[in-house]
Each structure stands twice: as C-alpha cells, then as structure tokens.
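This report introduces the nonpolar cores of the structure shown below and then turns to one annotated lysine.

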Amino acid sequence: MLFERARQVFPGGVNSPARALKHLPSSLVARAASGPYLYTDRGRLVDYCMAFGAIILGHAHPRVKRAVEEQLERGWIYALLTEQEVEFAEAIRRHMPSVEKMRIVNTGTEATMNAIRLARGYTKRDVIIKFDGNFHGSHDYVLVKAGSGAATWGIPTSAGVPQDVVKLTVVAPYNDVDAFLKAVKEVGDRLAAVIAEPVAGNYGLIIPDAEFLKALREETKRVGALLIFDEVITGFRLGLGGAQGRFGIRPDLTTLGKAVGGGFPIGIFGGRAEVMDLVAPSGPVYNAGTYNAHPVSVAAGLAVLKELETGEPFRTADEAAERLAKGIEDIAGRLGFDVVVKKIASMFQFYFKKGDVKTPQDVRESNEKMYLKLHEIALRHGVYLTPSQFEVNFTSAAHTREVVEETLAALEKAFQQLKTEIG
Ligand code: PMP
C-alpha cells in the first residue's frame with residue numbers, strides 16, 4: 001500500500017502535516033484534479049479543501065494552464081527581471097493600493113517571515129504581537145500558539161523554536177479588543193509589529209468584529225508599530241481588494257500567497273513604499289531567493305488576476321459557499337444537530353456546538369470528534385470537506401449550482417448516517 005511506503009520515507013507518511021488525516025488510517029492519494037473534483041484512491045471527490053485555498057478558479061483551469069505552457073515554451077527560470085512580473089505587481093497594486101511596493105517570494109511562510117523582519121528593521125524594535133490560533137506559516141517567529149495543522153495535531157507551539165525567540169512573540173486572544181490593548185501596553189515601546197489574519201482561516205473560520213480590526217490599526221499607529229495583515233488566504237479571495245478592501249482598513253504591510261499564484265508556489269510581502277525601500281538592495285533588510293518571482297508562478301498568477309478581474313469567479317464561488325452554508329444549516333437543523341455555520345465570500349466552516357463562533361475559544365468548545373466523523377462519512381459519499389475542524393472549506397469558480405446540489409444531496413445522507421451512527 002502506498003501509504004505504508006510513504007511512511008518509510010516521510011515523517012507521518014506525508015510532506016505537510018495537514019495532509020495526514022488523524023481520524024483515518026491513511027491519507028488520501030491524489031491522482032488528478034479538474035474543476036471542483038479531486039480524483040483519488042477513493043474515487044472522484046468534490047473538493048472543498050482546494051489546496052487549502054490556493055485554488056480559486058477551480059483545478060487545472062484552462063487559462064492558467066495555457067499561461068503556464070506558454071511560459072514553459074520560453075524557458076522557466078532566468079533569475080533576471082521580466083516584464084511579466086512588473087505587470088503582475090502593477091495589477092496587485094491597482095487592486096490593493098496599500099501595497100505600494102512589494103517583493104515576490106515563494107511561499108506564505110517566506111512572506112510573513114520577511115514582513116516581520118522588515119517591520120523590526122524599520123522600527124528598530126524586537127517584539128511582535130500575534131494572535132492565538134492565527135497561522136502565518138512555519139518559521140520560528142510565528143510558531144507560537146499557531147493554528148492550522150499545528151492546532152490539529154496539538155502542537156501549537158513548535159519544539160525547536162528557541163526560548164529567546166518565543167519571548168519576542170507575544171500572543172493575544174483573537175477578536176478581543178481589551179485584551180489586545182492590554183498586550184500593547186505590556187509590551188510598551190518594544191513593539192515592532194502586530195501581525196494578524198484579518199479574517200482568521202486557520203482555526204476554522206473566525207470573522208472578527210470590525211472594531212477589532214479598527215483597534216489594530218489605530219493602536220499600532222499610536223505606538224509607532226507596524227500593522228501586518230496576513231492575507232495569504234484572504235487576498236484575492238474576499239474580492240480583489242482582499243479583507244483590507246472589504247473592511248476598509250489600510251495596513252502598513254500585507255502578505256499574500258495561495259490564490260494569487262493559481263496553485264503554483266508564491267508569496268508576496270508588500271506595503272508602504274517608505275518601508276519597503278528598506279529591503280535589499282535599496283536598503284539594509286535582507287531578502288533574496290533563487291526562485292523569487294518564479295516565471296511559472298507569475299504567469300499563473302497573472303492569468304488568475306485577469307480572470308478574477310471579470311468578477312465572474314467571485315460571483316460563482318461566493319454563491320456556492322452561500323448555498324452550502326444555508327444548506328448545511330438546514331440539514332443539520334432538520335436532523336436535530338446543534339451546528340453553527342460561518343461563512344464569508346468563498347470560505348465557510350461549520351461547528352458542532354450551540355451559540356456562536358467568534359473566538360478561538362468558541363472553536364475549542366465545538367465537538368471536533370463529530371466534525372471528523374462527518375468528514376469521514378462525507379468522504380464515502382464523494383465529498384472531501386476540509387480535513388480538520390481547524391481548517392476552512394473553500395469554494396471556487398468551478399463549484400457550479402449543480403456541483404453544490406450534488407454536494408448537499410451527499411451531505412444530507414452523511415448527516416443522516418452520522419445521526420444513526422451516534423445513536
Ligand atoms: N499565512 C496564512 C494566513 C496561511 O493560511 C498560510 C498557509 N496555510 C501561510 C501564511 C503559509 O503559507 P505557505 O504554506 O505558502 O508557506
């Protein structure tokens with residue numbers, strides 16, 4: 001069996017923890033993907049993980065494929081400036097005006113690591129504030145009370161991060177203005193930056209109050225620290241302007257990734273020109289990368305942006321999430337489950353619990369076992385929900401009405417079966 005072989009060569013049998021399913025004996029094996037579907041060792045599945053948000057147009061979108069193929073014809077790496085990357089950056093800046101200048105790297109992890117380093121270089125201060133359950137990639141500055149796979153596997157604070165680094169990362173509760181103000185006060189004049197997911201997509205889905213985001217903006221400005229919005233998930237998913245456009249908040253620095261690379265490796269950090277000009281070679285904050293602004297990722301990203309600019313992909317993806325959220329609420333309600341569904345744009349997640357979900361604590365109070373049980377049953381009915389309570393379901397432009405109907409019919413059966421199984 002492939003997973004057995006995989007276990008001999010990879011820790012836990014996988015190359016990223018979120019790919020291992022803690023409620024199943026083996027991970028899924030992918031063979032192909034197209035539109036809303038994944039083709040796996042368990043047959044065809046409607047995909048709601050969408051590579052953890054990296055895909056917004058649907059798998060193997062023809063326009064992205066063509067752009068990549070055209071790039072391959074011209075060679076795929078030069079380690080020189082290209083016209084396409086300038087065009088790409090200009091388009092990003094047009095849609096997200098706070099990103100006056102940027103650097104294109106390869107992953108969201110690199111983007112947040114460099115944004116934090118830059119904030120420290122700019123402010124000449126050391127301490128950052130991050131939020132409980134937010135996830136900013138897998139580097140030392142941010143693997144403290146992190147979400148995503150780190151939460152799923154019960155290792156929010158990674159071993160191997162030096163205590164001296166942990167001390168510089170102060171963790172505050174998410175979506176709690178008073179606690180945030182208290183944390184800022186405690187850190188005092190050592191605060192370099194506050195980094196936040198403006199909509200949290202790594203601890204389930206947590207949509208913060210507008211006042212919380214406003215407090216982040218006002219307070220960082222007041223104390224001379226930078227505000228970093230980590231829009232690796234939300235950028236070019238909550239509309240062309242990201243979460244910052246939707247909530248009308250202008251951060252100093254922004255990180256992007258996932259959707260903006262069309263499924264190819266990408267990360268971007270950018271923001272105020274005066275701050276970005278500190279990045280080498282124009283300034284003393286070092287960043288470099290053999291694969292930075294990789295031509296294949298840039299070609300894919302440009303193709304994605306051109307498609308998103310028509311507005312159509314957002315309409316389809318958002319409508320799909322809306323219908324699924326309503327449908328799940330309806331099915332669960334009819335069958336007597338206490339379920340809370342959260343949704344914004346093309347992101348949704350549901351929780352087996354009473355009341356609302358507005359903080360990581362609310363997520364912790366939901367019944368994770370029931371989620372995983374339902375996940376397992378849904379798989380048998382051809383639906384691949386996001387594989388953890390601490391992740392988010394994503395829709396794409398390929399999730400048409402028919403696909404959504406097919407999914408809801410499958411979920412109806414899955415919830416019924418769950419009811420039977422739990423007696
Ligand atoms: N920031 C956020 C908000 C993310 O969701 C992720 C990935 N899930 C990252 C950063 C890290 O991105 P990457 O996996 O590309 O390193």
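In this predicted model, the largest nonpolar core comprises 40 residues. The residues with the most contacts inside this core are Ile-129, Phe-131, Phe-180, Val-194, Leu-216 and Met-347. Several helices and strands each supply at least two residues of the core, among them the elements in the table.

| Element | Residue range |
|---|---|
| β5 | 127-131 |
| α8 | 177-187 |
| β7 | 191-196 |
| α9 | 210-223 |
| β8 | 226-230 |
| β11 | 339-344 |
| β12 | 347-352 |

The largest share, 4 residues, comes from α8. The core draws at least three residues from domain 1 (2-60 + 311-422) and at least three from domain 2 (62-308).

Phe-131 illustrates the surroundings of one core residue. Beyond residues up to four places away in sequence, Phe-131 touches Lys-145, Val-171, Ala-172, Pro-173, Tyr-174, Phe-180, Val-194, Ile-195, Ala-196, Phe-212 and Leu-216. A second core, separate from the one above, has 33 residues, including Ala-321, Ile-331, Val-339 and Phe-415.

The remaining topic is the annotated lysine. An unreviewed UniProt entry carries the annotation "modified residue: N6-(pyridoxal phosphate)lysine" for Lys-258. Lys-258 is placed in the loop between β9 (253-257) and β10 (267-271). Because its relative accessibility is 25%, Lys-258 counts as partly exposed. Apart from neighbours within four places in sequence, Lys-258 is in contact with Phe-52, Gly-53, Ala-54, Val-232, Ile-233, Gly-263 and Ile-266.

How values were computed. Residues numbered from 1 in each chain as written. Predicted model: local features only at pLDDT ≥ 70, side-chain atom pairs only at ≥ 80, totals over all residues. Heavy atoms only, no water. Core = buried A, V, L, I, M, F, W, Y, C linked by side-chain atoms within 4.5 Å. Buried < 20%, exposed > 50% of the residue type's maximum accessible area, 1.4 Å probe, protein only. Domains from an automatic or database assignment. Contact = heavy atoms within 4.5 Å. UniProt positions renumbered as here; feature names shortened; annotations may be inferred.
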